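Trainee: I am new to this structure and would like to look closely at a single part of it. Could you take me through that part slowly, and connect it to what surrounds it?

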Amino acid sequence: MKSVKWLKVLLAVSSLLTSANLYSQQTDRLISVRKLAVKPDKLEEVTALQKEMSEAFENAGRGRRWVWKRMDGDTHTFHIISDSGSFAERGGSELPMDQAHWNLWIDAVNETIRSRELTTFRRELAIPAQDRPNFVVVTQRTIRPGRISEYLEWVENKFIPVARKIGRSGMIWDRLMYGGNSRTVANGRFINSWAELDETILDLPEDERSQLFDGWHEFFEGDVDRYVLRFEEEMSTGSL
């Protein structure tokens, strides 16, 4: 009876740990982002093909593969995201299906898309989300030359402690490594409803806000690219 009791305790603890880490955002990971602009009349085919590939990833034990759909601007654009611990790990991975099946899948995907873009980011910092989000608000900015380290130090040592103190969770900071300007940093803020877009990221008294963000805009140059993505759970596999 004691062994059964301890087994139940261990299972409960395991469940809690799994739940707590299910949507944690690990740092120092390589994040591959494939942006597919899809033909408007091919959405059903795209859905079926992405579900098929995510199932193949899961069956092959290839880890996480998440599909997000753009909700503003070009709403026929999908962001397909996977991660790895290193370039060696990513480059040495076997195909998630046999070669013949892979070739057929690639040919079918090519018939559905207008354009594609591949970028690789490194996850620098994160405040883990508490549960599975429905959307992510992505803000991409270009950091001024020579100020990347200074900006990330500001985020880690000033912004994140304040955000944690007031209970803010579900934020990530990724630096572009390949596929564009390496001074680009993408910040993602996970939300569960459109109403959260109206909320202030940090609800602080005006004097504290001014002190925290004093000189903040001097980190950046050029335009800001901001958009919202919706998590497509049925086309995805693995925890966030």
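In what sense do E1 and strand E3 (residues 77-84) pair, and over how many bridges?

Mentor: Please keep in mind that this is a predicted model. E1 and strand E3, which covers residues 77-84, pair in the antiparallel sense, and the pairing runs over eight bridges. Two positions help to locate this pairing by eye: Ala37 stands opposite Thr77 in E3, and Ser32 has Ser82 as its bridge partner in E3.

Strand E1 itself spans residues 30-38 and is mostly covered, with eight of its nine residues buried. E1 also pairs with strand E4 (residues 113-127), again in the antiparallel sense, here over nine bridges. Ser32 is a useful landmark for this pairing too, since Ser32 stands opposite Thr120 in E4, while Ser82 is the bridge partner of Ser32 in E3.

These pairings belong to a wider arrangement, in which eight strands close into a barrel with antiparallel pairing, in the order E1-E3-E2-E8-E5-E7-E6-E4. From one strand to the next, the twist averages 35°. Helix H2 (residues 43-59) packs on the sheet, where H2 touches E1, E3 and strand E2 (65-70), and the direction of H2 makes about 160° with that of E2. Another helix, H5 (residues 148-165), lies across E4, strand E5 (135-143), strand E6 (171-178), strand E7 (184-191) and strand E8 (220-231), and H5 runs at about 65° to E4.

Returning to E3, it is worth pausing at Thr77, which is found in that strand. Thr77 has a relative accessible area of 9% and is therefore buried, the cut-off for that word being under 20%. Leaving aside residues up to four places away in sequence, Thr77 touches Leu36, Ala37, Trp68, Lys69 and Arg70. Ala37, one of these contacts, is also the residue that stands opposite Thr77 in the strand pairing.

A second residue of E3 to follow is Asp83, which forms a salt bridge with Arg29, the closest N and O atoms being 3.2 Å apart. Because Arg29 lies in the loop between helix H1 (2-21) and E1, whereas Asp83 lies in strand E3, the pair ties together parts that are 54 residues apart in sequence. Asp83 has 15% relative accessibility and so counts as buried.

By the rule used for such pairs, the count comes to nine salt bridges, and another of them involves Arg70, a residue already met as a contact of Thr77. The side chains of Arg70 and Asp72 meet in a salt bridge, at 3.5 Å from N to O. Arg70 is buried, with a relative accessible area of 18%, whereas Asp72, at 28% relative accessibility, counts as partly exposed.

A further example is the salt bridge in which the side chains of Glu232 and Arg230 meet, at 2.8 Å from N to O. Here Glu232 is buried, with a relative accessible area of 10%, and Arg230 is partly exposed, with a relative accessible area of 31%. Beyond single pairs, salt bridges that share partners join Arg29, Arg64 and Asp83 into one network, and in that way the view comes back to Asp83 in strand E3.

Methods:
Residues numbered from 1 in each chain as written. Predicted model: local features only at pLDDT ≥ 70, side-chain atom pairs only at ≥ 80, totals over all residues. Heavy atoms only, no water. Buried < 20%, exposed > 50% of the residue type's maximum accessible area, 1.4 Å probe, protein only. Helix = DSSP H or I, 4+ residues; strand = E, 2+ residues; numbered from the N terminus. Pairing = 2+ DSSP bridges. Salt bridge = Lys/Arg side-chain N within 4 Å of Asp/Glu carboxyl O. Axes fitted to C-alpha atoms, helices over the stretch in contact; angles between N-to-C directions. Contact = heavy atoms within 4.5 Å.
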